[in-house]
Amino acid sequence: VIKSADTVIRYSLENARFLLSKNIKLLVVACYTASAVALPALRERCSLPIIGVMEPGARKAIRSTRQKRVGVIGTERTINSKAYLTSIKGIDRGIEVISQACPLFVPLVEEGWTDNDIASLTAKRYLQTLKDANIDTLILGCTHYPLLKGVIREVLGDEVIVVDSAEETAMVKKCVLKADNSLRDGD
């Protein structure tokens, strides 16, 4: 079931209030749907730094693409929000963005079916449009999708660069905390 934007925003604000009560230094909105829909509301109501997962992934894809043909996969809400398209085009209007919702990927991952024939057939069906579009870079636009990297690479081939926005977001988080002198040393 696709949650309404209002529901996503309400849950995101509730989660933020809880985390703020724990005296956090920075908030990472690690859900792609929440990043796509609730980031402005969160930034409006919270005074500490807030990082979403869209922009770091978009920047990495822009740096990685050789032919300016970037694919984005995500949930229906994330894809319909056009947040990645907006992020990428806001940085480089010359990049073609081909988006594909992959709603069955989440239940496959939650079921633990990440490397079987069902996952492979589902990936082939979803990714064919991106393959036909000759993308050279793919953004994994959902926290579940990195668990399907093997199947995705099998379908698209090794020549397509796969961008995990979570990895890029972690690097941005580290830079923000370091610049703010809030990064802890050690474990």
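Student: Which residues of β5 are buried on one side, and which on the other?

Tutor: In this predicted model, Thr137, Ile139 and Gly141 are buried on one side of β5, and Leu138 and Leu140 are buried on the other. Both faces of the strand are therefore covered, since 5 of its 5 residues, 137–141, are buried and β5 is largely enclosed by the rest of the structure.

Student: Why do the residues of a strand divide between two sides?

Tutor: In a regular strand, side chains alternate between the two faces of the sheet.

Student: Which strands pair with β5, and in what sense?

Tutor: Strand β3, residues 69–74, pairs with β5 in the parallel sense over 5 bridges. Strand β6, residues 161–164, also runs parallel to β5 and is joined to it by 4 bridges.

Student: What is the bridge partner of Ile73 in β5?

Tutor: The partner of Ile73 is Leu140.

Student: And where does Leu138 fit in?

Tutor: Leu138 of β5 stands opposite Gly71, and its bridge partner in β6 is Val162.

Student: What is the strand order in the sheet?

Tutor: The order is β4-β3-β5-β6, an open sheet of 4 strands with parallel pairing. β4, residues 96–101, and β6 stand at the edges with a single partner strand each, so one side of each has no neighbour in the sheet. On average, neighbouring strands are turned by 25° against each other, direction ignored.

Student: Which helix belongs with β5 and β6 in a β-α-β unit, and what is its handedness?

Tutor: Helix α8, residues 149–156, makes the unit together with β5 and β6, and the unit is right-handed.

Student: Which strands does helix α3 lie across?

Tutor: Helix α3, residues 54–64, lies across β3, β5 and β6. Its direction is at about 170° to that of β5.

Student: Changing topic to the whole chain: how many helices and strands are there?

Tutor: The chain has 9 helices and 6 strands.

Student: What does the radius of gyration say about the chain?

Tutor: The value is 17 Å, which agrees with the radius near 16 Å for a compact globule of 187 residues. The C-alpha trace spans about 45 × 35 × 35 Å along its principal axes.

Student: What share of the residues is buried?

Tutor: Of the 187 residues, 47% count as buried. The accessible surface of the chain is about 10400 Å², and carbon and sulfur atoms account for 50% of it.

Student: What about contacts between residues at least 6 apart in sequence?

Tutor: Of those contacts, 73% join residues at least 24 apart.

Definitions and conventions. Residues numbered from 1 in each chain as written. Predicted model: local features only at pLDDT ≥ 70, side-chain atom pairs only at ≥ 80, totals over all residues. Heavy atoms only, no water. Buried < 20%, exposed > 50% of the residue type's maximum accessible area, 1.4 Å probe, protein only. Helix = DSSP H or I, 4+ residues; strand = E, 2+ residues; numbered from the N terminus. Pairing = 2+ DSSP bridges. Right-handed = clockwise from strand over helix to strand, strands pointing away. Axes fitted to C-alpha atoms, helices over the stretch in contact; angles between N-to-C directions. Contact = heavy atoms within 4.5 Å. Rg over C-alpha atoms; globule rule 2.2 N^0.38 Å. Areas by Shrake-Rupley, 256 points an atom, 1.4 Å probe, with all protein chains shown as cover.
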